[in-house]
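Work through the exercises below with the sequence and the coordinates open beside you. Each task is followed by a solution that goes step by step.

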Amino acid sequence: MNNVKNPVAWYKEKLHSETFAGGMLLLGAAIALFWANSPWRDAYASLSNTVIGPEALHLDLTIGTWAADGLLAIFFFVVGLELKTEFVTGSLRDIKQALVPMLAAVCGMVGPILVYVAVVAASGTGVYDGWAIPVATDIAFALAVLGLFGKGLPLAARTFLLTLAVVDDLLGITVIAIFFTDEISFLWLGASFALIAVFAVLVNKRITHWWILWPIALIAWTAMHEAGVHATIAGVLMGLSVPALTRGVEKKPLTEVLGGRFEFWSAGIVLPIFAFFAAGVNVIDSGGFGAMLTNPVAIAIYLALPFGKFLGIWGGTALLTSVFRLRLGKGLHLADIAAVSLVAGVGFTVSLLIASLSFAPDDPYSGYARVAVILGSVLASVLGAIALRLRARTRHAEAGEGDATADDVRLDGRPNIDEQGADDRA
């Protein structure tokens, strides 16, 4: 009997693994960095800067911009679905349990900003435009690191990081909408909101035919782009409009159904392509890696991601639990939060997007910022992994406490292939 799987089917199955999905994102970034610094780097630049799209609709954009503004809207639609699920049936449905990680997420945004501003101020460069770059946490990467190195920590550690990352995503989207919008056309914005409202009515009536929803979504995206607001916001709002509860004979909520349909495109296609165009920085012609590593803006970003998150999340949680007497989840201690807060410094996807919005493509700081995001995320991953293993070795899990990686359900409610046995995957 032939057990050889179709490559596309194999790829779809592997994407159930947060670790594999994160690896594909890293692969896209690594290929871009190699190509952008190889003897063929002019070909990469030419590809990224190729303009396509109808000029009459102001959609004559470079391929790199299409990746960030167009394709990434699919990713943000999935983010919207995940946010809706968490608010209705997930980790954010009980405000008492979610309060500490929610407030920690706010502190976790303040910490990196303080570190960035402090480093830039000490350097005297005065380049504060990148303050928002290190505020984001990449959910998939952070959970993958916790899943690989967090065995021995209580299950509440995963819930804490999950809740924190979801709120962080919401706050990051808010930052993009507020601070990276220059001029707003309220006519176009109203048109986009009206179309999103139509989309919401249709999905709540369970009208999900692609030939109806896709045109509405595309026109809503175009209107949002014309309004001057980052067009990915349209994707988030449409995702949030999808019902997260079942009705009648439905076996799964529509958020989960649509999330399953778009998972392959988001995690398997969109994010690697976005990383490919966002991470392709020409380091050689910008003074080499030495110049990148010593640039004050780069230093501010790659230090703010791990250490700013640590300062904000662990410091904020310590304040909340010691002064305001709020409680952590079952079995969690501040030492556990210290390790988790380092993992939360993995920014990557949203940080790369904010980096591309913070500095113009021809600004030399644009390259420094994007390389610093990759470096800071790697640094947070390594330090977080070490801290998780050290913490796991020094604590004795209480009976029945569980394990941070024992949960076989991902953020979107689907099985995580990493937690299934070999027999289950056969």
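**Exercise 1.** Decide whether A45 is buried, partly exposed or exposed, and place A45 in its helix and relative to V236.

*Solution.* The model is a predicted one, and the first step is to read the relative accessible area of A45, which is 33%. Because buried means under 20% and exposed means over 50%, A45 counts as partly exposed. The next step is to assign the residue to an element, and A45 is found in helix 3. Finally, taking the C-alpha atoms of A45 and V236, which are 191 residues apart along the chain, one finds a separation of 30 Å.

**Exercise 2.** Describe the largest pocket by its volume, its lining and the elements that contribute to that lining.

*Solution.* Begin with the volume: the largest pocket holds about 1,200 Å³ of space. Next comes the lining, which is made up of 44 residues, with T65, S356, F359, P361 and S366 lying nearest the centre of the pocket. Two or more of these lining residues come from each of helix 3 (41-48), helix 4 (63-88), helix 11 (254-278), helix 15 (349-358) and helix 16 (364-394). The last step sorts the lining by class, giving 20 nonpolar, 15 polar and nine charged residues.

**Exercise 3.** Carry out the corresponding analysis for the second largest pocket, and state which helix gives the most to its lining.

*Solution.* The volume of the second largest pocket is about 500 Å³. Its lining consists of 22 residues, and those closest to the centre are I74, W214, A217, L218 and F262. At least two lining residues are supplied by each of helix 4, helix 9 (210-227), helix 10 (232-240) and helix 11, while helix 9 gives the most, with seven residues. Sorted by class, the lining of the second largest pocket has 16 nonpolar residues, five polar ones and one charged residue.

**Exercise 4.** Identify the residues of the nonpolar surface patch, and explain why L311 counts as partly exposed.

*Solution.* The patch, of about 340 Å², is made by V106, V110, L114 and L311. Assigning the residues to elements shows that helix 5 (residues 95-123) gives the most to the nonpolar patch, with three residues, whereas L311 is found in helix 13 (residues 296-322). As to accessibility, L311 counts as partly exposed because its relative accessibility is 47%, and the exposed class begins only over 50%.

Conventions
Residues are numbered from 1 along each chain as its sequence is written. This is a predicted model: local features need pLDDT of at least 70, side-chain atom pairs count only at pLDDT 80 or more; totals for chains, interfaces and linings use all residues. Side-chain values use heavy atoms; hydrogens and water are left out. On a 1 Å grid over the protein atoms alone, a cavity is a set of points where a 1.4 Å probe fits but cannot get out, and a pocket is an open set with protein on both sides within 12 Å along at least five of seven lines; lining residues have an atom within 4 Å of a point. Grid points are joined across faces, edges and corners, and a volume is the space filled by probe spheres set on the points. Helices (H or I, at least four residues) and strands (E, at least two) are DSSP runs, numbered from the N terminus. Ala, Val, Leu, Ile, Met, Phe, Trp, Tyr, Cys and Pro count as nonpolar, Asp, Glu, Lys and Arg as charged, and the others, Gly among them, as polar. Patches are made of residues with over 30% relative accessible area and no salt bridge: like charges are joined within 9 Å, nonpolar side chains (Val, Leu, Ile, Met, Phe, Trp, Tyr) within 5 Å. Accessible areas come from the Shrake-Rupley method with a 1.4 Å probe; for residues, only the protein chains shown count as cover. A salt bridge is a side-chain nitrogen of Lys or Arg within 4 Å of a carboxyl oxygen of Asp or Glu. Buried means under 20% relative accessible area, exposed over 50%, partly exposed in between (1.4 Å probe, protein chains only).
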